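Hello,

Here is the structure I promised to pass on to you. Have a look at it first, and then read on for what turned up in it.

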Amino acid sequence: MEVNLGLNFMQEHESWHMPDWWCRDKKPSNDSVYFENMCRIIFQAGLNWQVIDKKWPTTKKTFADFDISEVANFTDTDVQTLMRDPGIIRNKGKIKAIIQNAQNFVAITKQYGSFQKYLDSLDKSNNYANVVKDLVNKFKWLGPPSASLFLYTVDEKIEPW
């Protein structure tokens with residue numbers, strides 16, 4: 001499986017710079033940073049980065065600073081509250097995916113000890129084809145391009161072009 005992150009944008013737009021939240025040349029410091037990056041990729045899907053950047057401080061606050069255990073315990077009442085908050089992206093599918101993904105993060109960290117150890121346990125040959133497939137199968141609202149971009153943003157050595 002060939003992975004194309006669609007990052008040719010960088011080559012086409014000289015003014016583009018790598019977002020500050022991308023963990024390039026350094027691994028995320030903890031599982032919450034991995035989770036936050038994944039959430040950001042999910043919320044960004046189909047939207048402009050600037051929209052996400054503008055809403056991110058409120059998004060981070062409403063999602064308990066991406067405390068994985070806390071988000072994993074969000075209820076339908078929390079979803080309804082989030083859907084009324086104009087400070088975030090109010091996409092019910094994405095919001096529910098974030099909660100489900102937090103629950104999956106909890107399960108992964110119980111099994112492997114950390115999200116990084118989970119990633120390290122996977123076969124990273126063929127430009128991460130098996131890792132991308134595993135992420136797509138485990139996490140909601142991640143397709144191959146978004147899973148690949150997520151890996152790139154957390155300093156995995158996936159080749160984007």
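Two rings of Phe, Tyr or Trp are taken as a pair if their centres lie within 6.5 Å, with the six-membered ring standing for Trp. On that basis, a search of the whole structure, which is a predicted model, finds 18 aromatic pairs. One of them is formed by Phe 105 and Phe 115: the ring centres are 4.4 Å apart and the planes meet at 15°, so this pair is stacked, the cut-off for that being under 30 degrees. The two residues are 10 apart along the chain, and the pair links distant parts of it, with Phe 105 in helix α6 and Phe 115 in helix α7 (residues 115–120). Are these two rings buried or exposed? Phe 105 has a relative accessible area of 0%, so it is buried. Phe 115 is also at 0% and therefore counts as buried.

Phe 105 comes up again in the helix packing, so that is a good place to go next.

**Helix α2 and its two partners**

Start with α2 and α6, which spans residues 92–112. Their axes come within 11 Å and cross at roughly 155°. Because angles over 145 degrees count as roughly antiparallel, that is the label for α2 against α6. The crossing is right-handed. On the α2 side, the contact involves Asp 31, Tyr 34, Phe 35, Met 38, Cys 39, Ile 42, Phe 43 and Gln 44. These meet Lys 94, Ile 95, Ile 98, Asn 101, Ala 102, Phe 105 and Thr 109 of α6. Sorted by type, the residues of this contact are 10 nonpolar, three polar and two charged.

The other partner is helix α9 (residues 144–153), and α2 itself covers residues 31–44. Here the axes come within 10 Å, with a crossing angle of roughly 140°. That makes α2 oblique to α9. This crossing, too, is right-handed. From α2, the contact takes in Tyr 34, Asn 37, Met 38 and Ile 41, and from α9 it takes in Ser 146, Leu 149, Phe 150 and Thr 153. The residues of this contact split into five nonpolar, three polar and no charged. If you would like residues to pick out on screen, Tyr 34 and Met 38 are listed in the contact with α9 and also in the one with α6.

**A buried arginine**

Thr 153 leads on to Arg 24, which is found in the loop between α1 (8–12) and α2. With a relative accessible area of 17%, Arg 24 is buried, since the cut-off is under 20%. Which residues does Arg 24 touch, leaving aside its neighbours within four places in sequence? The contacts are with Met 18, Tyr 152, Thr 153, Asp 155 and Glu 156.

**Two backbone angles to look at**

Phe 66 has a phi near 60°, a positive value in a residue other than glycine. Phe 66 sits in the loop between α3 (49–62) and α4 (68–72), and at 0% relative accessibility it counts as buried.

Asn 127 is also a residue other than glycine with a positive phi, in this case near 50°. Asn 127 lies in a helix, α8 (residues 125–138). Its relative accessibility is 23%, so Asn 127 counts as partly exposed.

Happy browsing, and best wishes!

Key
Residues are numbered from 1 along each chain as its sequence is written. This is a predicted model: local features need pLDDT of at least 70, side-chain atom pairs count only at pLDDT 80 or more; totals for chains, interfaces and linings use all residues. Side-chain values use heavy atoms; hydrogens and water are left out. Axes are lines fitted to C-alpha atoms, for helices over the stretch in contact, and angles run from 0 to 180 degrees between N-to-C directions. Helices (H or I, at least four residues) and strands (E, at least two) are DSSP runs, numbered from the N terminus. Angles under 35 degrees count as roughly parallel, over 145 as roughly antiparallel, 65 to 115 as roughly perpendicular and the rest as oblique. A crossing is left-handed if the near helix is turned anticlockwise from the far one by less than a right angle, and right-handed if clockwise. Contact means heavy atoms within 4.5 Å. Ala, Val, Leu, Ile, Met, Phe, Trp, Tyr, Cys and Pro count as nonpolar, Asp, Glu, Lys and Arg as charged, and the others, Gly among them, as polar. Buried means under 20% relative accessible area, exposed over 50%, partly exposed in between (1.4 Å probe, protein chains only). Rings of Phe, Tyr and Trp (its six-membered ring) pair if their centres lie within 6.5 Å; planes under 30 degrees apart count as stacked, over 60 as edge-to-face and the rest as tilted.
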